[in-house]
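Subject: Structure for your review

Dear colleague,

Please find below the sequence and the structure that I am handing over to you. My findings follow directly after.

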Amino acid sequence: MGDALLEPDEIEEKIAENPDPYIDLFLESGDRYIRVLLLTVMKNCCSEPQWERTVSKIERRIEEKQAVTSTVEDDGDASAGYCPQCGTSVDRDDRFCRQCGEALEAGEADG
Ligand SMILES: [Zn+2]
């Protein structure tokens, strides 16, 4: 989906027809604009039950996605640390990553 930018009117029509691809698009890109657009259009164009279904669908899929993301992020908080560049585990007092040579931030500078 490289060229996803349509005219607002076109988007509204398409969302009203079938919001599912736009829910996916929002979840892939994390673009809040798409979410706002989805909710606005659904509210304008659809009956209330349909709108609420769409909202709960979006919320549920966001939660699913966040659950996956936070599980991945938990690994980054180990005692030693990881290279921000390549993700290789590094020792606390390593100044450079052994894998890619990235300069690692020291914990605290001495005075
Ligand atoms: Zn590295």
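Residues 82–102 contain neither kind of regular element: the span is 0% helix and 0% strand. The end C-alpha atoms of this span lie 11 Å apart. In UniProt, an unreviewed entry lists these residues under "domain: Putative zinc-ribbon". Please bear in mind throughout that the model is a predicted one.

As to the overall fold, the chain has four helices and zero strands, so that, read from the N terminus, its elements follow the order α-α-α-α. Of the 111 residues in the chain, 10% count as buried. Where contacts join residues at least 6 apart in sequence, 21% of them link residues at least 24 apart.

Confidence should be considered next. The mean pLDDT of the chain is 74, and 77% of the residues reach at least 70. Among the helices, α2 has the highest confidence, with a mean of 78, whereas α4 (residues 48–74) has the lowest, with a mean of 73. Over residues 75–79 the pLDDT stays under 50, and the model gives this stretch one contact beyond four places in sequence.

The largest nonpolar core deserves your attention. It has eight residues: I15, Y22, F26, I34, L38, V41, M42 and I58. Two elements, α2 (20–29) and α3 (32–45), each give two or more residues to this core. Helix α3 supplies the largest share, namely four residues. In soluble globular proteins, nonpolar side chains tend to be buried together.

One member of the core, I15, can be described through its contacts. Beyond its neighbours within four places in sequence, I15 is in contact with Y22, L37, L38, V41 and M42.

A further residue to examine is L39, which lies in helix α3. Is L39 buried or partly exposed? L39 is partly exposed, because 16 other C-beta atoms lie within 10 Å of its own, while a buried residue would need 20 or more. L39 and I15 are 24 residues apart along the chain, and their C-alpha atoms are separated by 9.7 Å.

With kind regards

Key. Residues are numbered from 1 along each chain as its sequence is written. This is a predicted model: local features need pLDDT of at least 70, side-chain atom pairs count only at pLDDT 80 or more; totals for chains, interfaces and linings use all residues. A nonpolar core is a set of buried Ala, Val, Leu, Ile, Met, Phe, Trp, Tyr and Cys residues joined through C-beta atoms within 7 Å. A residue is buried if 20 or more other C-beta atoms lie within 10 Å of its own, exposed if 12 or fewer, and partly exposed in between; C-beta atoms are placed from the backbone. Two residues are in contact if their C-beta atoms, placed from the backbone, lie within 7 Å. UniProt positions are given in the numbering used here, feature names are shortened, and annotations may be inferred rather than shown by experiment. pLDDT is the predictor's confidence in each residue, from 0 to 100.
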